[in-house]
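Let's take a walk through a protein model together, starting with its empty spaces and ending with a sheet. Keep the picture open and turn it as you read.

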Amino acid sequence: MIDNDKVNFHFDIDGDNFTTAGEASVKIKKALRQMGFSADTIRRVSVAMYEGEINMVIHADGGEADVNVYPNKIEIILADKGPGIPDIEKAMQAGYSTAPDDIRSLGFGAGMGLPNMKKYTDSIDIQTEVGVGTTVTMVVNV
Amino acid sequence: MPQYLHSVTLDVSRCKGCTNCIKRCPTEAIRVRDGHAIIKEENCIDCGECIRLCPYKAKKAIYDKFEDFAHYKYKIALPAPALYGQFDELDDVDEILTAILKCGFDAVFEVSRAAEIVTEYTRRYMERPDIQKPVISSACPAIVRLIGLRFSSLADNLLPIMPPIEYAARLARKEALEAHPELCDDDICVLFISPCPAKISYIKNPIAVEKTAVTGALAISDFYFKIRSERKNVKNPLPLSRTGIIGLNWAGTGGEATSLLSGKYLAADGIENCINVLDEIENGTIRDLDFVEFNACNGGCVGGTLNVENPYIAKARLRSLRKYLPISRNRVDGQDVSDDVLSDKDFFENIEGLSIESRAEAIKRMTHVEEIYKTLPHLDCGSCGAPNCHALAEDIVAGEATVEDCLIRLRENFHKN
């Protein structure tokens, strides 16, 4: 698809701030609404996006989010320079979490991040290297 | 779509064109153009925040006058429970209800009575196995409109039970027709005594019901004085009230939610707080909740902009008023939710989104908006008349504003030249 048909939104996700985590997902929600996407699509994108944002804050000291909106799909790319995921299969299991206790005491780190991202999107691709970082690409088809 | 009739409106002669309201409007529905504010009707939810904060009292609510209904044979008043909190040294609701009759009404039906029935039906609804949780209260019309505009994916979470004002009007009409068989429905007018513009707007644009049984709305701020002067003439109050603690509690935040007797609830008030909680529910971050109550106004309905008393004082008065009351004075028979209290149509139309062609057009426009936005100073100062730089970029693309409206850029260009 040629670039004229999409609009890109770029966000820097702040690494040490839980209260601002989620801001990107709120902004995307508003933009999608203005562009006439259905309530269901908006919700799927917002859940996947929020989980991804929180993941980057918890595990990777932040990162960058790019959302490309096409008429027929929404692509979410989350890239961080964090520790990487040693065992993707385990990380995809519901309830598996490596979040530290102080994070869990805030109600995060329930081990549902990646499973939810998978559940609410049509495809998810994870490129990760331990010690280098992780890039998660998700697509929600409309 | 039929035209939406708002209660919140602008008195242009009083408006100075300052930017207080545009910055605080939760749906970015106000712009300042040509020296005065304009309300973008399609975005306004009638929450009344602009009425609250306008320093020049240029924002106001449109409401009805009692005199406008003189031609009706039978007039019923529907006092909101918040009304009782407006009066000092009150220990008997009947004193106020009797005073309302003396103002010229034939009957009075407390909204709090219907609220107690709505509470009982809500408890039953919550036991249904197939409902979408958390169930979100649909009693505050400003919140329901907000959900329609910004959180439509939560439409299925809204409680499909009529708000107490609607159910009260229907019960009041039924009671009147039973007591006076000579009347027909068109002879009766039902007037709500409202604490806020949102509920007045509900009567003009009913939510989730085909037709409302409420005829019009008086404002507490206006009708209060009439009730107060009649109150002095009340020697022996008539035994009119049929409300318990639960009904009165609906006047404040938490009243509706706590009466469900389930611990897994959340009760939020203040429009910004409500928006934050709605965002979290939509993101799926708040789990394990059964019921969520939202009140657009701080303190709940006692915080509505048409009250005369401070919301916390009103709440304290209601607290002492309920001291000797039973928990509830309205019970309903049967097991399930009665059909006559259920919403008879969907909350919102058009949540399916636009066609793919329209979305492609919208994406082009949005690309343009983002390009313009990048060139703006991102100060969100509001001096262009839009609430923030992004809204200005949207207005420019919509042809409603120009880049020259940005005073910061204008100044930069001036210095360059």
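What do we mean by a cavity? On a 1 Å grid over the protein atoms alone, it is a set of points where a 1.4 Å probe fits but cannot get out, and its lining residues are those with an atom within 4 Å of a point. Grid points are joined across faces, edges and corners, and a volume is the space filled by probe spheres set on the points.

Before we dig in, some ground rules: this is a predicted model, where local features need pLDDT of at least 70, side-chain atom pairs count only at pLDDT 80 or more, and totals for chains, interfaces and linings use all residues. Residues are numbered from 1 along each chain as its sequence is written, chains are lettered from A and ligands numbered from 1 in the order in which they are written, and side-chain values use heavy atoms, leaving out hydrogens and water.

Searching the whole structure turns up seven cavities of 30 Å³ or more. The largest has a volume of about 320 Å³. Its lining counts 32 residues, and those closest to the centre are B:Ala139, B:Cys140, B:Lys199, B:Trp250 and B:Cys301. Which element gives the most to this lining? That's β11(B), with three residues. (Helices, H or I with at least four residues, and strands, E with at least two, are DSSP runs numbered from the N terminus.) By class, the lining has 23 nonpolar, five polar and four charged residues; here Ala, Val, Leu, Ile, Met, Phe, Trp, Tyr, Cys and Pro count as nonpolar, Asp, Glu, Lys and Arg as charged, and the others, Gly among them, as polar.

Now for the second largest cavity, at about 110 Å³. It is lined by 17 residues, with B:Cys25, B:Pro26, B:Ile30, B:Cys47 and B:Cys50 nearest its centre. Helix α2(B) gives the most here, three residues, and the lining holds twelve nonpolar, two polar and three charged residues.

Hop over to chain A for the sheet. Five strands form an open sheet in the order β1-β2-β3-β5-β4 (chain A), with antiparallel pairing; two strands pair if DSSP finds at least two bridges between them. At the edges sit β1 (7–13) and β4 (123–129) of chain A, each pairing on one side only. Between β1(A) and β2 (residues 63–69) of chain A there are seven bridges, and A:Asn8 stands opposite A:Asn68 in β2(A).

Methods. 1 Å grid on protein atoms, 1.4 Å probe; cavity = no way out; pocket = protein on both sides within 12 Å on 5 of 7 lines; lining within 4 Å.
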